[in-house]
Amino acid sequence: MAATPSSSPRTGLILTGGGARAAYQVGVLAALAQLRRDAGLGGPQTSTPFPVVAGTSAGAINAATLACNADDFDAAVDGLVHLWQNLHVDQVYAADAFGVIRTGARWMTMMSLGWAVARWRRTRPNSLLDNSPLGRLLNRWIRMDRLDAMLAAGHMQALAISGSSYTSGQHVTFYQTHLPFEPWLRSQRIAVRAKLSIDHLMASSAIPFIFPAQQLDLDGQLEWFGDGSMRQSAPISPAVHLGADRVLVIGAGRMHEPPGRRQTLVSGHPSMAQIAGHALSNIFLDALAVDVERLQRINNTLSLLPPDALQATPLRPIDVLVIAPSRRLDELAAEHQGSLPPAIKGLLRSVGVAGEGKGASGSALTSYLLFEPSFTGELINLGMSDTLARRVEVQKFFGWPTQAPSFDPAAMRRRKAGFAQAPVDAPMEA
């Protein structure tokens, strides 16, 4: 690894996966941008405070947006706020009746009558939903061609996007840098330097079973890739390998449940939706919690070493701050299940998603697919409030002056800086 030494610590940002839950990250980022402005360090045309960004799944989309607009952090965050507040299901996946019939309905038919129709390859859908609308949206909104310039100008040091190869079984971190960084190799995990593209974002966000796999070039061979949260045993690792001295992690689910048994109205055998939601939570949430605990244990161990022993080990302490939802996001999603398009509600009903509010079922699965303003807007507000509730901790982590913020979430949503007021169907401008 060859990087220019810096007197100030390099801050890495970890944006995890979670489908529609990634709107929470945007609320956290909006609050951070405001706190930085209150400290007199932000404002228009101010570079990102995160020279190293690692994104996975939907978090990769947010990460790429920040990296490609690293010369103006506030404008990049404003753009993300506007995008997520105005996002609708049909901009992410085909949600009309015909689109559902082409994918989801055919998939359900294959599961029930596969023995009769398996011979006709044309009838075999690749996923439950068709996310080609997302590809078109990303091509309009994220200017990946700017990334090289951001890296060369020093606004960014590295962007890492992770994916999981169905072909080889390996977890792969694709990274783009200007300075040379040696790729790393761990058991079932490899890093590959690459010129990142929208294809990498689509592959990283391809939720298993729900969205189709994407082909990517890996050392001259085409391999099929799915969501980067799968087999991601060390989500924080890419940022550390790419030079981060401290790491901010923004999660997409609660890191720790409150004590006591959770009350539930569900009885009987779990539905397919409940099982799928549980599996997705395992994919998206568990590895992060384990990795954070591992990092904290390493830090504690290093703090016990004498100075000479500390210098002899390649390990170094990494300051970590984790901001994660204070509410269960499946419960929040349950309040908004009714905002899904009728065709999607019909499809999800067949696997056990039903109702709205306290009596809803299958909302854990819904929370990953509910790309509607009623839900994403609440997630953004939750991210803002969770971050402001830990204002002193955040200011200490960044070394910002500790002062009360002049923060108004409603005013944040009305900000007109950068490209935040561009229509969602228009290109994202620099």
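Which residues in α3 meet which residues in α14? Let's start there, everyone, and work outwards. On the α3 side we have Val-81, Trp-84 and Gln-85, and on the α14 side they meet Pro-373, Thr-376 and Ile-380. Sorted by class, the residues of this contact are four nonpolar and two polar, with no charged ones. As for the geometry, α3 covers residues 73–85 and α14 covers residues 373–389. The two helices pack at an angle of about 145°, and their axes are 8 Å apart.

Before I go on, please keep in mind that what you see is a predicted model.

Now a step back to the whole chain. There are 430 residues, and 56% of them count as buried. The secondary structure comes to 16 helices and 10 strands. How are the contacts spread along the sequence? If you take contacts between residues at least 6 apart in sequence, 76% of them join residues at least 24 apart. The accessible surface is about 18700 Å², and carbon and sulfur atoms account for 55% of that area.

On to the empty space, which I suspect some of you came for. Rolling a probe the size of a water molecule over the atoms shows where empty space is left. For the whole structure, the search turns up five cavities of 30 Å³ or more. The largest cavity has a volume of about 140 Å³. Its lining has 15 residues, and the closest to the centre are Ala-58, Ile-61, Trp-84, Leu-134 and Phe-371. You'll recognise Trp-84 from my opening, where it was one of the α3 residues meeting α14.

Which helices supply the lining of the largest cavity? At least two residues each come from α2, α3 and α5. Of the contributors, α5 gives the most, with three residues. The class breakdown of this lining is 12 nonpolar and three polar residues, with no charged ones.

Let me stay with two of those helices for a moment. Helix α2 spans 58–68. How many of the residues of α2 are buried? The count is 11 of the 11, so α2 is largely enclosed by the rest of the structure. That list runs through Ala-58, Gly-59, Ala-60, Ile-61, Asn-62, Ala-63, Ala-64, Thr-65, Leu-66, Ala-67 and Cys-68. Two of these, Ala-58 and Ile-61, were among the residues closest to the cavity centre.

Then there is α5, at 132–141. Its buried residues are Pro-133, Leu-134, Gly-135, Leu-137, Leu-138 and Trp-141. What covers them? The cover includes α2, α3 and α7, the last of these at 198–204.

Next, the second largest pocket, with a volume of about 560 Å³. It is lined by 17 residues, and the closest to its centre are Arg-186, Ser-237, Val-240, His-241 and Leu-315. Both α8 (237–241) and α9 (272–303) supply at least two residues of the lining. The largest share is from α9, with four residues. Here the classes come out as nine nonpolar, two polar and six charged. For the cavity lining, remember, the charged count was none.

I'd like to finish with three alanines. First, Ala-70, found in the loop between α2 and α3. Is Ala-70 buried or exposed? At 0% relative accessibility, Ala-70 counts as buried, because the cut-off for that is under 20%. Leaving aside neighbours within four places in sequence, Ala-70 is in contact with Thr-46, Ser-47, Thr-48, Met-150, His-155 and Met-156. For Ser-47, which sits 23 residues away along the chain, the C-alpha separation from Ala-70 is 5.6 Å.

Another alanine, Ala-149, lies in helix α6, residues 147–152. With a relative accessible area of 43%, Ala-149 is partly exposed. Between Ala-149 and Ala-70 there are 9.8 Å in space, C-alpha to C-alpha, and they are 79 residues apart in sequence.

Lastly, Ala-252 sits in the loop between β9 (246–250) and α9. That is the α9 we met in the pocket lining. Ala-252 has 1% relative accessibility and so counts as buried. How far is Ala-252 from Leu-15 in sequence and in space? The answer is 237 residues along the sequence, and 8.5 Å from C-alpha to C-alpha.

That's my tour, thanks for listening!

Terms used:
Residues numbered from 1 in each chain as written. Predicted model: local features only at pLDDT ≥ 70, side-chain atom pairs only at ≥ 80, totals over all residues. Heavy atoms only, no water. Axes fitted to C-alpha atoms, helices over the stretch in contact; angles between N-to-C directions. Contact = heavy atoms within 4.5 Å. Nonpolar A, V, L, I, M, F, W, Y, C, P; charged D, E, K, R; others polar. Buried < 20%, exposed > 50% of the residue type's maximum accessible area, 1.4 Å probe, protein only. Areas by Shrake-Rupley, 256 points an atom, 1.4 Å probe, with all protein chains shown as cover. 1 Å grid on protein atoms, 1.4 Å probe; cavity = no way out; pocket = protein on both sides within 12 Å on 5 of 7 lines; lining within 4 Å. Points joined across faces, edges and corners; volume = space filled by probe spheres on them.
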